[in-house]
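Subject: Structure handover and notes

Dear colleague,

I am passing on the structure we spoke about, and my notes on it follow below. Please read them with the coordinates open.

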Amino acid sequence: MADTGGRLRKQLESANFDPQNYVKQLSQQSDGDRDLQEHRQKIQSLADETAQNLKKNVYKNYRQFIETAKEISYLESEMYQLSHILTEQKSIMESITQALLSTDKDETAKEMLAAFPKETEEVKQRTLTTLLEKVEGCKNIMEAPGRYLVYNGDLFEYDADNMSQIQKVHAFLMNDCLLIATWLANRRGTVKYKYNALYDLESFAVVNVKDNPPMKDMFKILMFPDSRIFQAENSKIKKEWLEILEETKKNKVAKDRHKKEEEVPTSPVRQEVASTNPFDEDEPLGSEELVDLSPEWIQELPEDLDVCIAQRDFEGAVDLLDKLNEYLKDQPVTPRVKDLRAKVDERVRQLTEVLVFELSPDRSLRGGPKATRRAVSQLIRLGQSTKACELFLKNRAAAVHTAIRQLRIEGATLLYIQKLCNIFFTSLLETAREFETDFAGNTGCYSAFVVWSRSAMRMFVDAFSKQVFDSKESLSTAAECVKFASEHCRQLSEIGLDLTFILQSLLVKDIKAALQSQKDIIIEATKHRNSEEMWRRMNLMTPEALVKLKDEMRSCGVSTFDQYTGDDCWVNLSYTVVAFSKQMMAFLEEGLKLYFPELHMVFLESLREIILVAVQHVDYSLRCEQESEKKSFILQNAAFLHETVLPVVERRFEEGVGKPAKQLQDLRKSSRPVRVNPDSTMSVV
């Protein structure tokens with residue numbers, strides 16, 4: 001047979017196989033309909049086998065494809081970050097190189113100044129006024145004293161995301177700021193441009209953009225957190241823009257530093273007056289003289305902070321801020337100190353925004369909780385522990401949500417729940433330990449973590465209930481899943497976090513519904529069996545079946561079941577009573593796995609209703625049966641229920657719950673079988 005299947009497979013797989021000729025030959029060679037049916041079955045079995053192999057190969061390759069795609073995605077994000085860091089490092093190296101070469105340029109510039117004196121500021125301001133008259137909406141720009149034009153020209157602005165051209169602009173570089181104006185399509189008189197933006201020279205950095213045809217002759221202006229890309233007409237103009245922008249920024253820094261040094265008060269008149277007035281001998285110096293802001297590191301502090309932020313040296317930036325705060329501690333607040341504070345506060349704002357972005361869920365979440373430690377610790381050092389706590393927990397919530405969403409739904413519910421619990425509770429445990437490490441000195445943040453844990457648990461329960469309860473799984477499966485989740489939840493108590501109560505409160509509604517649904521199923525099945533009851537002994541036909549039934553009843557806690565077995569394979573009990581006992585004990589064990597105090601009355605009432613159905617049926621049968629032999633058999637089944645099954649239920653319930661089931665005891669005592677008059681035909685339930 002296998003030989004025939006192999007030949008048929010080779011024939012169908014051959015390259016020159018012709019279906020029409022094959023069918024024609026088959027019709028001629030077959031003796032009748034029976035041969036064709038047999039051949040059809042062979043082809044069908046071969047097709048089923050091929051389809052099964054194809055499904056296995058597709059599933060295997062599909063899993064490999066999904067895993068490969070995930071790894072490619074992770075590598076792509078990491079390569080993008082690495083490329084971004086390398087680009088930043090390259091731009092920093094280029095700026096350092098230009099700074100080293102600027103010394104020679106400064107000397108050449110001094111020689112040129114000596115040979116060819118520059119235009120006076122009045123001429124420059126006049127030129128700037130003439131140019132700005134062509135720009136709409138910038139009349140107040142000339143109000144700043146000493147402002148003059150350094151360089152100007154046309155540029156094209158490009159979108160930083162898709163590198164598409166946005167608009168044509170005209171840039172005006174002044175000695176302290178940069179003005180960007182857009183071209184007007186409908187010109188009115190001498191006005192050619194419209195005001196777009198004005199940037200202080202200290203608020204942005206200039207970065208060269210590497211030529212990548214057709215995108216060339218471009219440079220970028222970085223104003224955290226935004227950036228703008230401009231294109232010059234040719235490489236010569238681009239080079240001029242870069243050199244003049246850097247030189248103008250340096251000139252402004254040098255001028256500001258020189259101006260601050262000149263502001264240091266050294267008044268000889270004050271000293272002379274003090275020396276001639278005996279009442280001024282002990283008078284302290286002015287607050288301006290008490291705060292010395294002349295050290296070089298203080299003068300260069302704003303620029304150093306900019307460099308640290310650009311290089312992502314967050315620790316270095318915060319160290320500089322701590323050093324400044326320690327230096328200015330207990331010092332009077334003078335106008336110069338206020339000015340320094342204002343500049344530093346702007347850098348602190350920029351640094352905070354960078355750290356906030358580092359903790360945003362848009363960043364890579366693959367590194368786990370430890371990947372956020374650097375940004376969180378620096379925010380705490382900046383005195384923003386509340387914001388650090390909020391961002392850390394938002395980041396971890398997004399990570400947990402992503403992990404749950406990426407979990408592949410398995411065919412077996414219990415397998416999926418095991419993976420779900422492993423992922424969720426492991427993430428929760430790692431988050432708790434990292435939170436304890438990062439916020440060890442901020443006990444006020446622990447309440448926020450407890451609130452976050454509750455919301456995370458709600459997210460977990462949503463996924464849990466959708467898979468376990470919404471899909472109408474059996475009560476035994478639901479019980480195993482809830483037991484597995486509860487065990488994981490209790491493991492969190494090792495770190496002092498007990499979320500068992502929250503888990504139970506979120507699951508109580510679904511568990512109640514599952515218990516009541518299973519109770520209704522058992523009652524309906526019992527009533528159906530009762531309607532077909534013939535009150536006959538069970539015949540299991542084989543000794544193996546009898547041994548199996550004994551083992552099942554023993555596992556249910558009925559240790560005295562042997563006394564109800566007869567000769568050979570007979571059982572001196574009704575099939576209905578035995579089936580009810582097994583179903584009742586299974587419901588009890590599954591309910592105990594799901595049990596917690598809020599379910600006590602629901603669970604107990606469900607047991608009572610199930611037992612009541614069986615008890616009422618036995619009582620009714622006793623009152624209605626006329627044959628004394630059957631009545632004796634019914635009494636034997638009733639005794640098994642009242643003296644064997646129900647005490648086991650009560651004892652097992654008390655062991656699992658910790659307190660006796662008084663309602664079940666009362667039910668058993670009130671429904672004990674009594675001997676009735678055999679001649680009675682009354683049926684009282």
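A residue is called buried here when its relative accessible area is under 20%, exposed when that value is over 50%, and partly exposed in between. By that criterion, 36% of the 685 residues of the chain count as buried. Please keep in mind that this is a predicted model. The chain has 22 helices and ten strands, and among the contacts between residues at least 6 apart in sequence, 66% join residues at least 24 apart.

I began with helix α15, which runs over residues 446-468. At 1.5 Å a residue, its 23 residues should span 33 Å, and the end C-alpha atoms are 32 Å apart, which agrees with that expectation. The buried residues of α15 include the aromatic side chains F449, W452, F460 and F464, together with others such as S453, A456, M457, V461 and Q467. Among the elements that cover the buried residues of α15 are α13 (385-406) and α14 (413-438), as well as α16 (475-491) and α17 (500-531).

Helix α16 can be treated in the same manner. For its 17 residues the expected span is 24 Å, at 1.5 Å a residue, and its end C-alpha atoms are 25 Å apart, which again agrees. Buried in α16 are L475, A478, A479, C481, V482, A485, S486, H488 and C489, and the cover over the buried residues of α16 includes α14, α15, α17 and α19 (575-594).

The packing of α16 with α17 deserves a paragraph of its own. Their axes lie 11 Å apart and make an angle of about 170°; because angles over 145 degrees count as roughly antiparallel, the two helices are roughly antiparallel to each other. On the α16 side the contact involves L475, V482, A485, S486, C489 and R490, which meet T500, L503, I511, A514, L515 and Q518 of α17. Sorted by class, this contact has eight nonpolar, three polar and one charged residues.

Turning to helix α5 (residues 235-262), I looked at two of its residues, S235 and K238. S235 counts as partly exposed, at 48% relative accessibility, whereas K238, at 8%, counts as buried. The C-alpha atoms of S235 and D217 are separated by 5.3 Å, although these residues are 18 apart along the chain. For K238 and L155, which are 83 residues apart along the chain, the C-alpha separation is 9.5 Å. Leaving aside residues up to four places away in sequence, K238 touches N208, V209, D211, D217, M218, F219 and A232, and its side chain reaches the backbone oxygen of M218 at 3.2 Å.

The last site is N572, which lies in strand β10 (residues 570-574). N572 is buried, with a relative accessible area of 16%. Which side chain is joined to that of N572 by a polar contact of 2.8 Å? The partner is R537, which also appears among the residues that N572 touches, a list that further includes Y564, T565, G566, F633 and Q636 when residues up to four places away in sequence are not counted.

With best regards

Key:
Residues are numbered from 1 along each chain as its sequence is written. This is a predicted model: local features need pLDDT of at least 70, side-chain atom pairs count only at pLDDT 80 or more; totals for chains, interfaces and linings use all residues. Side-chain values use heavy atoms; hydrogens and water are left out. Helices (H or I, at least four residues) and strands (E, at least two) are DSSP runs, numbered from the N terminus. The expected span of a helix is 1.5 Å times one less than its number of residues. Buried means under 20% relative accessible area, exposed over 50%, partly exposed in between (1.4 Å probe, protein chains only). Contact means heavy atoms within 4.5 Å. Axes are lines fitted to C-alpha atoms, for helices over the stretch in contact, and angles run from 0 to 180 degrees between N-to-C directions. Angles under 35 degrees count as roughly parallel, over 145 as roughly antiparallel, 65 to 115 as roughly perpendicular and the rest as oblique. Ala, Val, Leu, Ile, Met, Phe, Trp, Tyr, Cys and Pro count as nonpolar, Asp, Glu, Lys and Arg as charged, and the others, Gly among them, as polar. A polar contact is a pair of N or O atoms within 3.5 Å; within protein, one must be able to donate a hydrogen and the other to accept it, and residues adjacent in sequence count only if both atoms are side-chain atoms.
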